[in-house]
Amino acid sequence: THSVSALCFMVPLLLQSPDGDIIDCVLSHQQPAFDHPRLRGQKPLDPPERPSGHNSRGLRPKSFQLWRMEGETCPEGTVPIRRTKQEDILRANSVSAFGKKLRHFRRDTSSNGHEHAVGYVSGEKYFGAKASINVWAPQVQNQYEFSLSQIWIISGSFGNDLNTIEAGWQVSPELYGDNYPRFFTYWTNDAYQATGCYNLLCSGFVQTNSQIAIGAAISPSSSFKGGQFDITLLIWKDPKHGNWWLEFGSGILVGYWPSFLFTHLREHASMVQYGGEVVNSSPFGAHTSTQMGSGHFAEDGFTKASYFRNIQVVDWDNNLVPSPNLRVLADHPNCYDIQGGSNKAWGTGVDRARGASASRRQNQKAEQRTSPRLPQHNRAFTPETDPPPAALFQNSGKVEERVDESKVKIEGCNGGLRGSGDGTHAHAPAAHWIRF
């Protein structure tokens with residue numbers, strides 16, 4: 001059940017954000033997670049062992065959220081929590097629906113619901129994922145839609161037992177009341193039915209950091225043909241205790257999802273996805289103009305298209321490795337498309353997108369065919385086990401002698417459609433980035 005009332009604590013400090021948010025500094029042991037029967041009376045755990053190959057010595061930005069622009073932060077021993085206001089709850093369809101990803105039953109590709117453009121890996125056992133996610137402020141047509149870019153950690157059958165852990169940024173007027181891109185988390189163990197929630201809006205995720213407010217606005221964001229900004233996220237399973245931890249940037253632990261929240265994810269993930277998602281409510285009977293990523297198609301390249309870079313997974317031995325056999329899948333490629341490939345110019349842990357080579361790609365046609373749809377599942381893609389190989393997105397520029405990493409790039413509807421079509425499956429050998 002949701003713990004909206006659990007956010008009303010006696011707090012030692014509250015901070016006012018320039019965007020109108022109120023950030024409460026809540027004592028760590030009084031955060032909503034500890035309303036859970038299995039966590040009552042406990043305190044946040046100590047940091048776990050990081051995956052091998054992880055660089056925690058990189059740049060740590062002073063601030064990437066609006067509420068900290070003046071240097072404010074919560075005291076040690078507290079966690080910053082975005083205050084839930086009455087108007088936030090009233091915007092939801094119901095109190096029980098507040099803070100949840102509503103489940104949609106999709107019968108075909110033209111019905112209302114969620115549309116995706118993702119890169120994914122499957123077929124192995126995965127124990128985490130890492131990527132740098134390009135941050136934009138896409139236009140969302142109405143209050144009942146959203147646009148996001150995120151990492152999905154997935155296990156289960158894509159039926160009622162689906163387990164997911166999710167983190168990234170989103171623009172959601174219904175949830176937040178504005179159009180700022182916001183840092184978010186999500187989890188479910190029953191395919192978005194009764195369990196799970198965004199951020200700290202129910203008992204589940206345990207926050208351990210006093211500097212990052214989950215659900216707070218991100219600043220800056222990227223601009224078309226201008227400056228590019230991305231956030232690096234790492235999610236991994238603690239080999240010792242089995243909990244799933246979330247890290248931002250270089251070494252900033254945000255918190256963890258206790259392993260007991262899940263069924264299949266207590267063991268490992270069977271799929272990892274990186275990419276974008278929008279809600280298409282078909283306003284006025286037409287496809288939404290809500291943008292994904294930058295709102296421009298993947299073929300437009302760096303500074304125009306949205307991207308994921310340095311895509312990696314955590315293997316069985318707690319090693320960070322480039323995502324093997326990264327494939328891409330677009331639910332509606334004539335509206336939101338995606339390209340993937342490999343490039344050695346972008347190293348791990350770079351906080352701002354650099355490397356003009358990202359725009360020097362040779363775009364090759366990808367084989368298309370209808371993708372299967374599982375109506376029980378509305379969030380993560382449901383790609384086929386073995387999509388057909390197709391040349392996708394390859395670097396035709398000069399290769400620098402740096403460590404090979406993973407990237408992904410995504411694109412949006414641009415306020416209109418390029419026609420209609422089926423899902424696109426493509427294989428990008430040694431793909432290390434995507435853009436959409």
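Two strands are taken to pair if DSSP finds at least two bridges between them, where strands (E, at least two residues) are DSSP runs numbered from the N terminus. The structure is a predicted model, in which local features need pLDDT of at least 70 and side-chain atom pairs count only at pLDDT 80 or more, while totals for chains, interfaces and linings use all residues. Residues are numbered from 1 along each chain as its sequence is written, and side-chain values use heavy atoms, with hydrogens and water left out.

Confidence was examined through pLDDT, the predictor's confidence in each residue on a scale from 0 to 100. The protein chain has a mean pLDDT of 77, with 73% of its residues at 70 or more. Two stretches with low values are described here. Across residues 104-112, pLDDT stays under 50, and the model has 19 contacts (heavy atoms within 4.5 Å) beyond four places in sequence for this stretch. Residues 414-431 also stay under 50 in pLDDT, with 71 contacts beyond four places in sequence. Where pLDDT is low, the predicted coordinates should not be read in detail.

Strand β12 covers residues 244-248, and 5 of its 5 residues are buried, that is, under 20% relative accessible area, as opposed to exposed (over 50%) or partly exposed (in between), with a 1.4 Å probe and protein chains only. Burial extends to both faces of β12: W244, L246 and F248 lie on one side, and W245 and E247 on the other.

β12 pairs with β11 and with β13. Strand β11 (residues 230-237) runs antiparallel to β12 and is joined to β12 by 5 bridges; within this pairing, E247 of β12 has L234 opposite. The two strands form a hairpin with 6 residues between them, and G242 in the turn has a positive phi of about 85 degrees. Strand β13 (residues 252-257) is likewise antiparallel to β12, over 5 bridges, and G255 in β13 is the bridge partner of L246. The hairpin of β12 and β13 has 3 residues between the strands, and G249 adopts a positive phi near 65 degrees.

A further open sheet consists of 3 strands in the order β1-β2-β3, with antiparallel pairing. Because β1 (13-16) and β3 (78-82) stand at the edges with a single partner strand each, one side of each is left without a neighbour in the sheet. Neighbouring strands of this sheet are turned by 25 degrees against each other on average, direction ignored; axes are lines fitted to C-alpha atoms, for helices over the stretch in contact, and angles run from 0 to 180 degrees between N-to-C directions. β1 is joined to the antiparallel strand β2 (residues 22-27) by 4 bridges, with L14 opposite D24 in β2.
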